[in-house]
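Student: I would like a close look at one helix of this model. Please take a single part and explain how it sits among its surroundings.

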Amino acid sequence: MSSLKELSQRKGGITSGHRLCSGCGAGIMARQVMLAAGNYKVVVACATGCLEVATTIYPYSAWKVPWIHNAFENAAATISGVETAYKSLKKQGKIKKDLKFLAFGGDGGTYDIGLQSLSGALERGHDFLYICYDNEAYMNTGIQRSSATPKYAATTTSPYGEVISGKREFRKNITEIVAAHNIPYVAQTAVGYWNDLVTKVEKALEVKGPKFINIFTPCQLGWKYGPEKTLEIGKLAVETGFWPLYEVENGKYKINYKPQEKKPVEEFLKIQKRFNHLFKPERKEKLIQEIQDNIEKGWTELEKKEKCLN
Amino acid sequence: MSKNILHSWKNTPLASRVEEGSSKNFKTGSWRSKKPVHNKEICTNCLQCWINCPDNAIKVKDGNIDKIDYDFCKGCGICAEVCPVKAIEMKNEKDE
């Protein structure tokens, strides 16, 4: 683990002047990841998404590292091609440097559209780190629901009304899907816990083979809260057990942070206007309880896995 | 490219090289409606504001907070919120 003083000496990979929203979680996440990777020479691939669009508006780029964008669905396939070319050139003696490979994708580019190419790259065992910044919907195109959107969240394609209350399905658990590929390192972290995030990225970069980190990234525009609350929401997600911080290292589960007493999920839901319909005009106790029960179920399963697979 | 800032599609060439970190030529400070003001006297230089700034707008020199870069700060207020000693205050842009 690096201290903040040490990190402040490093050259970051992403600079100011990008056009992410004020208070954007993805901006915080990208800076922290690139600082954690600051001791290495890195090559970055981005899937289409907020981060890619806002940081590379032509003719500007906020990146200070070699960077490639290809399409929405294939950040993992692109980076695996880059990594294979590098291996070949290194073998031929045409490249001497040691490089690390990073791919960034949002939840749309990872959970939905990029899942097939991600799965392929993980199975082929390329040496790269895939970062998924999960802001729980397609924010860049106008807040459409994705398979990462939590149940009962309102988006433009899962609105709430008299009959339905936002998205009708529970989110899918990509971290477990990735862990099922039996890769050396899988982790889940959140914006608001810089220490956990930086430690996990540093740890992942030391491992050879495919790695995956899923980062909970609050989005002020889509979740509808004041921009200064980004860290608070990340922290509440972890404190309520909505987003557990854990890692799977060579099949061994470890929960990195266990809140002494989990806060009720209500506290996390209440400050986001996308869940407003659960509280106004009248409180929908049944729906809130359903979310709470789902969290408890997830925690129990995770604790069992930690106990059994350790 | 970065020396020659292109503002409109009319004078943008069909293809060109984009330089690393050239977004520094695009000042996002004008988005701001509230301005963070840093008080050096109470600041303990814990760097929490620096690590959590989405816009890399807090400048650190030798491990200490040097200044806030108002060219790029979008005024989100995360720094003021995260500061444990309240050394950053958000002031209305108009009041200055």
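Tutor: What follows is a walk from the whole of chain A to one of its helices, and then out to the second chain.

The model is predicted. Chain A has twelve helices and eight strands. Its radius of gyration is 19 Å, close to the 19 Å that the globule rule gives for 310 residues, so chain A is as compact as a globular protein of that length. Measured out along the principal axes, the C-alpha trace of chain A spans about 70 × 50 × 40 Å. Of the 310 residues in chain A, 52% count as buried. Contacts between residues 24 or more positions apart make up 70% of the chain A contacts with a separation of 6 or more.

The part to look at is helix H4 of chain A, residues 75-91. How many residues does H4(A) have, and how far does it reach? The helix has 17 residues, and from its first C-alpha to its last it reaches 24 Å, close to the 24 Å expected at 1.5 Å a residue. After H4(A) comes Gly93(A), whose phi is positive, near 80°.

Which residues of H4(A) are buried? They are Ala75(A), Ala76(A), Ala77(A), Thr78(A), Ile79(A), Ser80(A), Val82(A) and Glu83(A). A residue counts as buried if 20 or more other C-beta atoms lie within 10 Å of its own. A general point helps in reading such a list: an α-helix has 3.6 residues a turn, so residues three or four places apart point the same way.

Next comes the question of what covers these residues. The cover of the buried residues of H4(A) includes the strands S1, S2, S3 (99-106) and S4 (129-134) of chain A, and also the helices H5 (107-112) and H6 (115-124) of chain A. The strands and H6(A) can be taken in turn.

The strands belong to an open sheet of eight strands in chain A, in the order S2-S1-S3-S4-S6-S5-S7-S8, with mixed pairing. Its edge strands are S2 (67-69) and S8 (252-255) of chain A, each of which pairs on one side only. On average, neighbouring strands of this sheet are turned by 20° against each other, direction ignored. Strand S1 of chain A, residues 41-46, is joined to S2(A) by three bridges, and the two run parallel. One residue pair can be picked out here: Ala45(A) has Ile68(A) in S2(A) as its bridge partner. Elsewhere on the sheet, helix H12 (residues 285-308) of chain A lies across strands S7 (246-249) and S8 of chain A, and runs at about 125° to S8(A).

Now for the helix neighbour. Two packed helices are described by the angle between their axes and the distance between the axes. For H4(A) and H6(A), the angle is about 35° and the axes are 7 Å apart. Which residues meet in this contact? From H4(A) come Ala76(A), Ala77(A) and Ser80(A), while H6(A) gives Ser117(A), Leu118(A), Gly120(A), Ala121(A) and Arg124(A). By kind, the residues of the contact of H4(A) with H6(A) are four nonpolar, three polar and one charged. Ala76(A), Ala77(A) and Ser80(A) also appear among the buried residues of H4(A).

That leaves the second chain. Chain B has two helices and four strands, and from the N terminus on its elements run β-α-β-β-α-β. The radius of gyration of chain B is 16 Å, well over the 12 Å that the globule rule gives for 96 residues, so chain B is more spread out than a compact globule. Of its 96 residues, 33% count as buried.

The contact between the chains takes 34 residues from chain B and 31 residues from chain A. On the side of chain B that touches chain A, the elements giving two or more residues are helix H1 (48-51) and helix H2 (78-82) of chain B. The largest share, four residues, comes from H2(B). That side of chain B divides into 16 nonpolar, twelve polar and six charged residues.

One residue of chain B rounds off the picture. Phe26(B) is in the segment before strand S1 (34-38) of chain B. Leaving out residues up to four places away in sequence, Phe26(B) touches Gly17(A) and Tyr60(A). Is Phe26(B) buried or partly exposed? Phe26(B) is partly exposed, because 18 other C-beta atoms lie within 10 Å.

Notes
Residues are numbered from 1 along each chain as its sequence is written. Chains are lettered from A and ligands numbered from 1 in the order in which they are written. This is a predicted model: local features need pLDDT of at least 70, side-chain atom pairs count only at pLDDT 80 or more; totals for chains, interfaces and linings use all residues. The radius of gyration is taken over C-alpha atoms; the globule rule is 2.2 Å times the number of residues to the power 0.38. A residue is buried if 20 or more other C-beta atoms lie within 10 Å of its own, exposed if 12 or fewer, and partly exposed in between; C-beta atoms are placed from the backbone. Two residues are in contact if their C-beta atoms, placed from the backbone, lie within 7 Å. Two strands pair if DSSP finds at least two bridges between them. Axes are lines fitted to C-alpha atoms, for helices over the stretch in contact, and angles run from 0 to 180 degrees between N-to-C directions. The expected span of a helix is 1.5 Å times one less than its number of residues. Ala, Val, Leu, Ile, Met, Phe, Trp, Tyr, Cys and Pro count as nonpolar, Asp, Glu, Lys and Arg as charged, and the others, Gly among them, as polar.
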